[in-house]
Amino acid sequence: MNINDLNLFAAVAFHGNFTKAAEAMFTVQSNVTARIKNLEEEFGATLFLRTSRKVELTAAGKTLLHYSKQITNLIEEAKLSIGKSDMVKGQLKVGFTETTMALKGPGLVTEMADKFPLVDLDLTSAMRDKLINDVLNYKLDAAFIPAPVYNEELEHIHIMDERIVAVTPLKFKSLDELLAQPQLKAIVFDEGCFFRARLENWLITHDITNYHKTVMHSIEGVVNFIESGIGFSFLPQDIISTFYHERKIKTFSLPTEIGAVKTVLIYRKDNLSSPMLKAFISLFSSLKLQ
């Protein structure tokens, strides 16, 4: 076994596919398959459950992934300690909800490039629950999500406080008028969206459990449909004021229990030995995210 074997193993775990892992590691599938087989023989355990559709880690595979990440971090740390250069180098995978990506992604990329030019950021957006799961399973090094977070394996840092607002077509003069419609229509993201959950909780407090849903997959699409008069939605105030303040839409404030949101940065406690993650976390002592 060598470090390259562990890197190939981690690639398969990340992609859930031998072919994609081979492509990502610039090798051929037969080599990946052979190296994984050698690892399984060396550890005397099956590391992956293989089906025709996907590849999943076994319990032994999850344990090895945990140690593999620690080994990789220690090697990177050793390079910094005894190498010729003290520059942090490598790739960091960071997740966002789509709204946080739009607001904070560009600033983070710029700040990271200025302070740690040899660290490449790989940014991805997803729903809150998927981001948490991907951090727990080492597919992401860190992620920005709405609080709260309850998991003993995760550490979190408070990043910013946000406000959610109700965004409606111009014709509505109040939220009471919106709620009085015979058929309430909302523009929402997929199931699992934090803002959709807040919207539905708000409707429940007004004894509304049935409403017409139009599901969109982008912020721009949601705003376009609202502007067209099709329905309303919940979005962060900063998104509207930053990107859509000139659009023909209206915003209404919400009660604190519905409208207040804390955004946190989460990461695995056992991953803090990563020099790249340490470098990323260090930004928040100087980067103004408010």
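**Exercise 1.** On helix H3, find Ser 30, Lys 37 and Glu 41: are they buried or exposed?

*Solution.* Start with the cut-offs: buried means under 20% relative accessible area, exposed over 50%, and partly exposed lies in between (1.4 Å probe, protein chains only). Ser 30, Lys 37 and Glu 41 come out as exposed. Now turn to the other side, where the buried residues of H3 are Val 32, Ile 36, Leu 39 and Glu 40. Looking down the axis of H3, those buried residues fall within an arc of 100 degrees (taken from the directions from the helix axis to the C-beta atoms), so they line one face of the helix.

A quick word on the model. It is predicted, so local features need pLDDT of at least 70 and side-chain atom pairs count only at pLDDT 80 or more, while totals for chains, interfaces and linings use all residues. Residues are numbered from 1 along each chain as its sequence is written, and side-chain values use heavy atoms, with hydrogens and water left out.

**Exercise 2.** What do the buried residues of H3 pack against?

*Solution.* Contact means heavy atoms within 4.5 Å. The partners are helix H1 (3–15), helix H2 (18–24) and strand S1 (48–50). Helices (H or I, at least four residues) and strands (E, at least two) are DSSP runs, numbered from the N terminus.

**Exercise 3.** In which sense do strands S3 and S4 pair?

*Solution.* Two strands pair if DSSP finds at least two bridges between them. Strand S3 (residues 90–96) and strand S4 (residues 119–125) pair in the parallel sense, over seven bridges. For one of these, look at Gly 95, whose bridge partner in S4 is Thr 124.
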